[in-house]
Amino acid sequence: MSSAKPPAPDPKRFEVSKRTLMLDRAMTQLIRIGGLAVIIAVFGIFFFIVREILPLFSGAQVEAEEVVSTPGGDVQILGVDEWGEHPFLYRGGDEVVFIDMVSGERSVLDVPSLKDVEVTASSFDPVHRRVAVGLADGRVGSFLVVYQTEFSEDGTRTIVPTIETEPWFTVSTGEGKVTALSYGDGGDKRLLMVARDQGLAALRLGKKRALIGKPKLTLQGTVDLTESMTSGVVSVTASQNGQAGLVSGADGQVRYFQESGGEVTLVQTFEPFHGAPPVRMDYLFGGVSVALTDAAGDQKVFSLFRPEGSNQRLFGETKEFPGIGTGAPVFAPSLRNKSFLTGAGGQLSVRHLTSGAVRWEGFAEFEPVAATIDGKTEHFFIVGHEGQVQRFSLKDPHPEAGWRAFFGKVWYEGGSEPVFQWQSTGGSDDFEPKLSLIPLIVGSLKGTFYALLFSLPIALLAAVFSAAFLPHDMKRVVKPAMEIMASLPSVVLGFLAGIWLAPIIEDKVPSILLVCLSLPLSAMLVGVIWSRQPIQVRGRFEGGREWMVMVPVVLLIGWLAWMAGPLLEKAVFIYKEPESGREIADFRLWWPQATGLSFDQRNSLVVGFMMGFAVIPVIFTIAEDALSNVPKTLTAASAALGASRWQVVRTVIIPVASPGIFSALMIGFGRAVGETMIVVMATGNTPVTEWNIFSGMRTLSANIAVELPEAAPGSTHYRTLFLGALVLFMLTFILNSVAEVMRQRLREKNKLV
Amino acid sequence: MPAKPSNFASTGRSRRGEPFVWLTAAGLAIGVLLTVGLLGLVVTKGLESFWPGRIEVWKVDREGTLETVAGYVVQERSRRAMDGSAHEEIQIFRGNGELYGEKFLYVDQAQIQETQQPEDLALIERLEGGLVIGRIQSIQLHDGATVEGTSSDFRKQLTQRIREASDRRDQLEDIEKDRIGRNAKEVKELRLKEKLSGTSPEITARLEALQTEFAQLDEQRTEIRQELEADHLVVESIDGRPLSLPVGELLHVFRPNEVGFFGRIGEMLRRIGSFLISDPREANTEGGVYPAIFGTVVMTLVMSLFVTPFGVIAAIYLREYAKQGPLVRAVRISVNNLAGVPSIVFGVFGLAFFIYFVGGVVDDWFFPTSEEPVFKSGGILWASLTLALLTVPVVIVATEEALAAVPRGVREAALACGASKWQAIQRVVLPASLPGILTGVILAMARGAGEVAPLMLVGVVKSAPDLPIDGTAPFIHAERQFMHLGFHIYDLGFQSPDSEAAKPMVFATTLLLITIVVVMNLSAIIIRNRLRKKYATSSF
């Protein structure tokens, strides 16, 4: 026997191979970086969406540029071309000065018709770039500044201004010089409002087709409005459609005149500022609203709408803006949206009509006497007493946005009161998007409410039975079955709701009512009958199989109730035809008559029912988990103390698991709020703010699905849809987080017990 | 004093609160019934749309005139007339769109005089115009000859001709899509080259060669088209009106009333087969859903290619590498909650980030010359990525659970044997948690396959003529728009001009989609249960 000496241990035996170490380090780094990157990427969603939304809540950005001075003061009118490059000044003489903002050069164009006349009043219409002038001898006329744009071959743009004059018209009524005038150009119909030292007149102009050449502008009639006034005229303005005009008097009254059939009549008199006359009255883009400014700098907007009970459109106050400062007010409407530039005494602000918001506020280096905005609303210009002209670049891509527009009641043009409304696209160019998210949020909550109304009782009852009474071997089948229901694609549910379910239950509402009532009652009745049986009978039946007994009972009672529906309809839901007095038993007709609410085929009932399918398994699974995890020790103790099996459930299991049940409810809520396809397919998608179960709704999610593919990237509409997505995101995320935290607390609590 | 026995009556199987127990039982019963009912509805309606029913012939008395109608009953309904009287009506599909205009007809059951099922009625499927129901009379050949329907080998000849027509259509498609398409593409490239770097003799020569090739192809195409329209099948409708159908457009002729049960089963299988492998026709209301299946499968696979590694890496990081503390707990809860964020939100993100932002950058860098957006529009890649984001929480949560389920002892044993941390994960932890990870991936795929709302924003369309993977270079077209089963259902059910005719297709597609999703979910559940059992027995 020889004991072999063990070989000397390798000194490197505890060393790890370099490859293993390197691999380990590399993988550690890789997983760290990868894991963090994935998590950051997932949360990046939130920040990216916020980034898209932020521009909605920022105001206008205005940057002042160099002041260009021109010799001579007394500028009356300032106008500009579409690109904001060639502003022009008019001083009341016979020449118009143009400034090229690119090169800084000045050029002068003569207005031949203005030679040797004395101009006493002028006004400017930025839409047509028309300068209307009134003379000392009572004549009125106008000229247009026309910019011709030429593109050379290399794409540079040259703008050549020209002047087109229009004929003179003599105001046949009144006396003295023209003190104020306004030219409303509606194409074929035009109205010139003229105030003289004594007298007020409206001149109707029209285009007559000549045999040769262009149609000729002629005076079609002069209406003397002096009688309507009780005091001197402060300012006049004619509407852009050439069919109406506003005149403010020294007594503070504003008179609204309307042209129809050759007559100009006084329609309305109102007093915007309690005695102080508006010194400026300017129509805003669209010609429905007028901004009124008094000498103290107060500013209000009056819009045309039909007051309740009237069929005539009259002016009413819709917005009051903060003061614009003291001094001679300047005003310039945007030609693109409802924004306008206003200010007085050096103070300037950009405001937006619909949202009633001040988008930007600042001070000019000098006191402006006139202002204008270019056609694209990308620049505005002001001119001072000494003829100094300054250009400002204006960046305000989302003037109609803001908290108030999204979440507040907004008084839209033409409406008779402030409303919550969502209507993002419309037919005409001057359509005002209505972007209140409230109807969509209400729609989301409405759908969710009806879904939970249907699903919550079923899911919770099923969860209680499954957790407390169901034998283990059955649970292994029932639970996965419910989970599979959770995986049904919502497009399938939506399709079934819209195509299959909606037509079936449309005329079966009484049946549904009966089914909903009779099922729980019959179940409890079975329970009562069962518990009256002697213990010998009950003992033969193993507990936990009650639900199988209930399957045929539910089917039978459900079928009976379904069939009995028409009987109930005949007994209760009788519609009386108003004319003939004929009685028809039809719920669909009865409901609108009895409640004044509408009845749609694709309504909240259908949505609630089908969305319930999507929510039942979610609530069931989570609630069942919570109920099952109640420690056995607790239930056993309770039973040992003599509680019946329902008493155990009611006094021990449900209270202990209640946070879990609550979290199930919230997760179900989250699922229903965000559900998209079912709502898109099973409702009419009309935005409403009422809770009628038989009308449809438009939810945040459905709205995004329907409108986002058509929204232009970067537009206010597009970003507002993102805001809707963020609201959904936050809502579900917060709900789920609260639910998750509650669930974890519950788990820990049960662990301790 | 001995207690009265009644004092004990409330113990054990007491009757107190028993009605509520039964109420909860009813809740479960209703829940199960709803699930089973819904699945049953989809299955029956779906299979019904494949089942070849008998063609019936009704003699209907309509205000005195006797009308003969042949077709299938689609549904029965009761209608209340204006005068309050109730009418039982059946809706009949009678096909022959060009004869009747409306393919569907409501008939008052009280007006039906007689019902028959004549054996010789045929149901003819064709490329355009919908189904034809009628009696086959003859085939009129282009040379003026006629093959009478009574001749003994008529059916053989008809089948033969339909098969030939099908071959010709394949040829035609090959010429139109493949060869002419390739030709046009090369011409376009050459023209661009000419524009950029001036013309050269080679280019001119090649262009001329391409032109001659195109002329040849065009000639071939016209020839085949003429051949397809040469022969006609003459059919007489039930009310005696003749119909002449070009044989080149016929797909299948079937006489449902002369076959027995097994013949019907065979026909049903044939219909299922053609539903699965053929392209849609007639604004998707007929034909098959092959492109939609293909799009769904490719999208789901690409999605899982992204979601699996990233989800698993994130989960390993969270569970094995990150320092456990309140921050990681918060991250875990948040990831969990992301699974509950509405899918449309992910669609919104996908549209803004992938399409407009990333797609815009890709287009600027790689396709500056292209006039149309390449990647800056919805496509299968962006859709897959969006769904990957949507489903990554599912994979992370499932993987984390699986990793946590690996017993501590196993892990410690591996480390004690000298394994490095990565070795322990790679050799011990990951293999043990593989079924769990697989469950997560399958669940993610099932969710991805069934989602529609986000896809509507990122590239799914009602009809995509080109598949995202095909024979033209570079073979994988990640920027292409695609079709999807779920969107197909939405589009057919709600955007289709002829929603009545589309119904069978929608139910069939629904059945297919549900089958896919349920099978995926079931396999996930089975794998999960296996996994649980494994660890239940082998835990330390």
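This is a short exchange about chain A of a predicted model.

Trainee: What makes chain A differ from a compact globule of 753 residues?

Mentor: The globule rule, 2.2 Å times the number of residues to the power 0.38, gives a radius of gyration near 27 Å for a compact globule of 753 residues, but chain A has 38 Å. The C-alpha trace spans about 130 × 105 × 50 Å along its principal axes. Between the centres of domain 1 of chain A and domain 4 of chain A there are 83 Å.

Trainee: Which residues belong to those two domains?

Mentor: The domain assignment places 72-166 in domain 1 and 508-585 in domain 4.

Trainee: Why is strand β21 of chain A called mostly covered?

Mentor: A residue is buried if 20 or more other C-beta atoms lie within 10 Å of its own. In β21(A), residues 299-305, six of the seven residues meet that description, so the strand is called mostly covered. Over the 753 residues of chain A, buried residues make up 46%.

Trainee: How do you know that β21(A) pairs with β20(A) and with β22(A)?

Mentor: Pairing needs at least two bridges between the strands. Five bridges join β20(A), residues 289-294, to β21(A), and seven join β21(A) to β22(A), residues 314-321. Both counts satisfy the cut-off, therefore both are pairs, and each is antiparallel. Ala291(A) stands opposite Val301(A) in the one, and Lys300(A) stands opposite Glu320(A) in the other.

Trainee: What lies between β20(A) and β21(A)?

Mentor: Four residues separate these strands, which form a hairpin. In the turn, Gly297(A) has a positive phi of about 95°.

How values were computed. Residues are numbered from 1 along each chain as its sequence is written. Chains are lettered from A and ligands numbered from 1 in the order in which they are written. This is a predicted model: local features need pLDDT of at least 70, side-chain atom pairs count only at pLDDT 80 or more; totals for chains, interfaces and linings use all residues. A residue is buried if 20 or more other C-beta atoms lie within 10 Å of its own, exposed if 12 or fewer, and partly exposed in between; C-beta atoms are placed from the backbone. Domain bounds come from an automatic or database domain assignment. Helices (H or I, at least four residues) and strands (E, at least two) are DSSP runs, numbered from the N terminus.
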